[in-house]
Amino acid sequence: MDTKNSSASTQTPTPGVLSQPQSQQHDYSYYKRIFAGYPMPFAYLDLDLLTHNIQQVATSAGAKRVRIASKSVRSVAILKRLLAADERFQGIMCFTVREAVYLASHGFKDLLLGYPVWHDIPVAAEAIAAGAQITLMIDSVDHVRQIEQVAQQHEVTIPVCLDLDMALDLPGLHFGVWRSPLRTVAQVSPVIESIIAAPHILLDGIMGYEAQIAGLGDHYPHQTVKNTLVRNLKKRSLLQVAQRRAAVIELLASYNLTPRFVNGGGTGSLLTTRNEPGVTEITAGSGFYAPALFDNYQDFRYQPAAGFAIEIVRQAKVSNPPIYTCLGGGYVASGATNNDKLPRPYLPEGARLIPLEGAGEVQTPISYRGPHTLAPGDPIFLRHSKAGELCERFTHLLLVSNGEIVDTVTTYRGDGQCFL
């Protein structure tokens, strides 16, 4: 049997710490046998590991609802599978209006735009008028005015969500990402008042994404000082995040406004965001595929469900360790260009990128030190650094379960869609 330990821990996680499951990962021979003869490159999704990750996300969210982040999934079939997996999984956080309209055409409900839009507001208005459940993201009076103008023209009421900034500002350091300008009650109040004054706009929800907690690793190998600093900053940020969200909820109550949802967090902050009483739902996405970037967190570990294979086409160096050259593989993730944005060789164990070349547009050299005898035609399995971006490179995902390919589903690209 090619699988390693296949049983997951059933221990109940203590608050703030997710118990580390025993590995359910499979080895090189397992995947090589499944995909024998299948043309490369290809992307795959291991449904057995996906099921494990679904259970981990549900457990980590506690009693909160989970909104699925579509940008980390990018496949209609997999989004449907996730929503059907647990009754707490409700709604989608989309990344563009046209994506939301596309998902609405496939029957998806409760579609929240994760980011503000401008020129595509009329597209959203037309879809809402036709029955789509789409909520737009805002963080300024200008957004409200523009949406109100479009809503009047289309004779429709447009739901909106107020985006709050969750970054921690310290002297000389902005710990977080640059998103909304709304950090204080004083900054939020004029936007709330403009919404109240707009007859064609409904305040549907509020959102605060604590990216510095949810999206920042704190367990990188050989980086003890950095890891310690990040953990300390996260602890300091947690209190401020909770206070900031609670203050805005209290502000809304003073206007007699009760939003339908209060959204927070991400995969990396499920265990902390769930402790805030005012939060009704937590967004999660990356935890389902578990990309390589999410290996670098101290408090949890998801199983590497998604990956891709590239083909060895020649051996560039025979001496020890040998270097094999593969076709393709340069699927680098977005964000600041660090080594952790490169795809990570996964199987066989002992495969490594060459530091001076990395992952190339049309060829990727792989150094390998391990027990397998590799040859042209053999696969090297890699994992993308970030979750859904893998699907921008492939039209299909091969679904694997119990040692065989059980289905093939399209990604957005396979559906002929390109939203960003």
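**Briefing: Thr364 and a helix pair**

Thr364 touches Ile310, Tyr324, Thr325, Cys326, Gly328, Gly329, Gly330, Leu353, Gly358 and Ala359, leaving aside residues up to four places away in sequence. The structure is a predicted model. The points below cover the protein as a whole, then Thr364, then the packing of helices H4 and H5.

**Whole protein**

- The secondary structure consists of 11 helices and 19 strands.
- The protein has 420 residues, and 55% of them count as buried.
- Among contacts with a separation of 6 or more, 68% are between residues 24 or more positions apart.

**Thr364**

- Thr364 belongs to strand E16, which covers residues 363-368.
- Thr364 counts as buried because its relative accessibility is 0%, and the cut-off for buried is under 20%.
- Gly328, one of the residues that Thr364 touches, also offers its backbone oxygen, which the side chain of Thr364 reaches at 2.7 Å.

**Helices H4 and H5**

- Two packed helices are described by the angle between their axes and the distance between the axes.
- For H4 (residues 97-105) and H5 (residues 121-129), the angle is about 20° and the axes are 9 Å apart.
- H4 is therefore roughly parallel to H5, since angles under 35 degrees count as roughly parallel.
- The crossing of H4 past H5 is left-handed.
- H4 contributes Val97, Arg98 and Val101 to the contact, and H5 contributes Val123, Ala124 and Ala127.
- Of these contact residues, five are nonpolar, one is charged and none is polar.

Methods. Residues are numbered from 1 along each chain as its sequence is written. This is a predicted model: local features need pLDDT of at least 70, side-chain atom pairs count only at pLDDT 80 or more; totals for chains, interfaces and linings use all residues. Side-chain values use heavy atoms; hydrogens and water are left out. Axes are lines fitted to C-alpha atoms, for helices over the stretch in contact, and angles run from 0 to 180 degrees between N-to-C directions. Helices (H or I, at least four residues) and strands (E, at least two) are DSSP runs, numbered from the N terminus. Angles under 35 degrees count as roughly parallel, over 145 as roughly antiparallel, 65 to 115 as roughly perpendicular and the rest as oblique. A crossing is left-handed if the near helix is turned anticlockwise from the far one by less than a right angle, and right-handed if clockwise. Contact means heavy atoms within 4.5 Å. Ala, Val, Leu, Ile, Met, Phe, Trp, Tyr, Cys and Pro count as nonpolar, Asp, Glu, Lys and Arg as charged, and the others, Gly among them, as polar. Buried means under 20% relative accessible area, exposed over 50%, partly exposed in between (1.4 Å probe, protein chains only). A polar contact is a pair of N or O atoms within 3.5 Å; within protein, one must be able to donate a hydrogen and the other to accept it, and residues adjacent in sequence count only if both atoms are side-chain atoms.
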